[in-house]
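Let's walk through this one together, starting with the overall fold and then zooming in on a few spots. Keep the viewer open so that you can follow along.

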Amino acid sequence: MSGQQREAVFPTRQSLGLMKSKLKGAQTGHSLLKRKSEALTKRFREILRRIDEAKRKMGRVMQIAAFSLAEVTYATGGDISFQVQESVKDARFRVRTKQENVSGVLIPAFEAYTEESINNFALTGLGRGGQQVQKCRETFARATETLVELASLQTAFVILDEVIKTVNRRVNAIEHVIIPRTENTISYINSELDEMDREEFFRLKKVKGLKEKAAIENDKQHSQEAHVDGDENGASQVDVLGEGEDEDVIF
């Protein structure tokens, strides 16, 4: 097993426990990131569908706005852009932002609203074409709302695209690198510990055999020494009634 496929750890019981904890954490993280990726992908597809609808709507609204502007030009008899610029003092159409949390990802959202108290076009087109001017203003307000909606969707699209790529890279790294490497490390530690246990068992068995052999030799040696001591004691004893008898005397 090469070093690129496992962690460089010393095979001990403590290392085995740490690797098992790391494997469990990696599996939990992989599961959470996988669910996060699925949730973000679902929202991404929904935003993509809404972008397509907004772009189609934008084309229709801008076409209507262009015709409305042409009607104003025809009705007023010229370009009224200068009058509009002179009339506008404060913004009536405004945009506010908010944030939406999608699986831990903050996505900005733009919301358009109108200040009804502000009306700078009250006198615009007073001479002629006033109805066409008001209609054109409403048409371009709807077009601006569609633009704001499209900008919000495009911003969320870009952010989610980057986040999904990052999350998928992390999921693939955990699934194809970290988990296999940790599992290989655990297998390596288990094999080394088993080998050490076998070596320890063989050593203990060898030591026990040597001790038993030494004990047998010691017993044998003690038996031989006891037998020799018995022979020496028997030879050194004197027979008082036998060898020491005097010869018979005949009278």
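**From the fold to the details**

The protein chain has 3 helices and 2 strands. Here helices (H or I, at least four residues) and strands (E, at least two) are DSSP runs, numbered from the N terminus. Read from the N terminus, the elements run α-α-β-β-α. A word on where all this comes from: the model is predicted, with local features needing pLDDT of at least 70 and side-chain atom pairs counting only at pLDDT 80 or more, while totals for chains, interfaces and linings use all residues. Residues are numbered from 1 along each chain as its sequence is written, and side-chain values use heavy atoms, with hydrogens and water left out.

Now for the chain as a whole. Of the 251 residues in the protein chain, 22% are buried; buried means under 20% relative accessible area, exposed means over 50%, and partly exposed is in between (1.4 Å probe, protein chains only). The protein chain exposes about 18,400 Å², and carbon and sulfur atoms supply 54% of that. Those areas come from the Shrake-Rupley method with a 1.4 Å probe, and for residues only the protein chains shown count as cover. What about contacts, meaning heavy atoms within 4.5 Å? Among those between residues at least 6 apart in sequence, 80% join residues at least 24 apart.

Helices H1 and H3 are a good place to see such contacts. Start with His-30, which is found in helix H1. Is His-30 buried or exposed? At 17% relative accessibility, His-30 counts as buried. Leaving aside neighbours within four places in sequence, His-30 touches Val-171, Ile-174, Glu-175 and Ile-179. With Glu-175, the C-alpha to C-alpha distance is 7.0 Å, although the two are 145 residues apart in sequence.

Elsewhere in helix H1 you'll find Ser-68. Ser-68 is buried because its relative accessibility is 3%. Outside its neighbours within four places in sequence, Ser-68 is in contact with Gln-132, Lys-135, Cys-136 and Thr-139.

Over in helix H3, have a look at Leu-160. With a relative accessible area of 0%, Leu-160 is buried. Which residues does Leu-160 contact, leaving aside its neighbours within four places in sequence? They are Leu-40, Arg-43, Phe-44, Ile-47 and Ile-107. Leu-160 also sits 9.5 Å from Leu-106, C-alpha to C-alpha, with their positions 54 residues apart in sequence. Helix H3 holds Val-177 too, but this residue is partly exposed, because its relative accessible area is 40%. Val-177 is 9.6 Å from Arg-6, C-alpha to C-alpha, and the two are 171 residues apart in sequence.

Phe-44 brings us to the aromatic rings. A pair of aromatic rings is described by the distance of the centres and the angle of the planes. Rings of Phe, Tyr and Trp (its six-membered ring) pair if their centres lie within 6.5 Å; planes under 30 degrees apart count as stacked, over 60 as edge-to-face and the rest as tilted. By this rule there is 1 aromatic pair. The rings of Phe-44 and Phe-157 have centres 4.8 Å apart and planes at 25°, so the pair is stacked. This pair links distant parts of the chain, with Phe-44 in helix H1 and Phe-157 in helix H3, 113 residues apart. Phe-44 is buried, at a relative accessible area of 16%, whereas Phe-157 is partly exposed, at 22%.

Next, slip into the loop between E1 and E2, the place of Ser-103. Ser-103 has a positive phi of about 55° although it is not a glycine. Its relative accessible area is 35%, so Ser-103 is partly exposed.

Last stop: the second largest pocket. On a 1 Å grid over the protein atoms alone, a pocket is an open set of points where a 1.4 Å probe fits, with protein on both sides within 12 Å along at least five of seven lines; lining residues have an atom within 4 Å of a point. The second largest pocket has a volume of about 270 Å³. Of the 17 residues that line the pocket, the closest to its centre are Arg-50, Ala-109, Phe-110, Ser-152 and Leu-153. Helix H1 (13-76), strand E1 (93-102), strand E2 (105-114) and helix H3 (130-236) each supply at least two residues of this lining.

How values were computed. Grid points are joined across faces, edges and corners, and a volume is the space filled by probe spheres set on the points. Contact means heavy atoms within 4.5 Å.
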